[in-house]
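Here are my notes on this one, in the order I'd go through them with the model open. Shout if anything reads oddly.

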Amino acid sequence: MIRATGVHRRFGDVAVLRGVDLAVSAGELVTLSGPSGSGKTALLSLLCGFDFPDSGSVTPGLSSWSACAVLPQSLGLATELTLEENVALPLRLAGRAVEGVSGLLDELGISGLGARYPGQVSFGQQQRAALARAVIGKPAVLLADEPTAHLDSASAEAAVGLLRRVADEGTAVLIATHHDAVHAVADRVLVLADGQVSG
Ligand SMILES: Nc1ncnc2c1ncn2[C@@H]1O[C@H](COP(=O)(O)OP(=O)(O)OP(=O)(O)O)[C@@H](O)[C@H]1O
């Protein structure tokens, strides 16, 4: 479901990824840790097709939102849509019935904010809306970059519970994170250091 084989990526003089291999199966939640600047975001960008390896291969690469959902650190919410409209977007784009939006907002503690625009809520609240948008379509693959970075412990607990359930329902989930609460629910913890993944 998620696979990197012999992946190399260099930016200028810096060889950030030097032969990365990893695989995450359907129904697995795997976390990726490693020092700041070790290349976690770079690796996620390759896996979702936002960037391309110098050599090696990645799966899924560029895919539809329903096949591969991405939760980037920058969130990528549409500023001209309300939180509810943002969360519903993957379903609308896929021509599917819009259902489950209010339940997800409620689960993540932002049920009263659905009619607001991203610029009218805190970054942590935006982050929870972006998480809801990433999971609403029950994607085959979910790639999440620091999904709890801006959350307090109660909000992070709700987010982690949701991520675990998404995996239990069959999604292959890979999360770059520094947070122990996320590692605690992982099936496996991988470490990216010196350009390679181990663990
Ligand atoms: N497009 C780019 N051009 C040049 N250098 C880049 C580019 N993207 C990433 N880098 C460099 O690659 C290295 C890895 O960056 P990356 O953002 O992947 O680290 P990270 O492990 O996600 O860090 P953090 O934990 O701080 O988020 C850094 O040295 C960064 O400056």
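1. Start just after α1, where G49 takes a positive phi of about 85°. Bear in mind that this is a predicted model.

2. α1 itself covers residues 40-47 and is mostly covered, with six of its eight residues buried. The buried ones are K40, A42, L43, L44, L46 and L47.

3. What does α1 lie across? The helix crosses β3 (29-33), β6, β7 and β8 (188-193), and runs at about 155° to β6. Helix α5 (residues 153-168) packs on the sheet too, touching β3, β6 and β7, and its direction makes about 150° with that of β7.

4. The sheet is open and has six strands in the order β5-β6-β7-β3-β8-β9, with mixed pairing. Its edge strands are β5 (68-71) and β9 (196-198), each pairing on one side only. From one strand to the next, the twist averages 20°.

5. Strands β6 (residues 141-145) and β7 (residues 172-176) run parallel and are joined by five bridges. In that pair, L143 stands opposite L174 of β7.

6. Now the core: the largest nonpolar one has 59 residues, and L43, L47 and L143 are among those with the most contacts inside it. Setting aside neighbours within four places in sequence, L43 is in contact with A4, L17, V20 and L192.

7. Last, the ligand. Residues around it include F11, V14, V16, K40, T41 and A42. By type, the shell divides into four nonpolar, six polar and one charged. Which element gives the largest share of that shell? α1 does, with three residues, while β2 (14-24) also supplies at least two.

Note on methods
Residues numbered from 1 in each chain as written. Predicted model: local features only at pLDDT ≥ 70, side-chain atom pairs only at ≥ 80, totals over all residues. Core = buried A, V, L, I, M, F, W, Y, C linked by C-beta atoms within 7 Å. Buried ≥ 20, exposed ≤ 12 C-beta atoms within 10 Å, placed from the backbone. Contact = placed C-beta atoms within 7 Å. Helix = DSSP H or I, 4+ residues; strand = E, 2+ residues; numbered from the N terminus. Near = placed C-beta within 6 Å. Nonpolar A, V, L, I, M, F, W, Y, C, P; charged D, E, K, R; others polar. Pairing = 2+ DSSP bridges. Axes fitted to C-alpha atoms, helices over the stretch in contact; angles between N-to-C directions.
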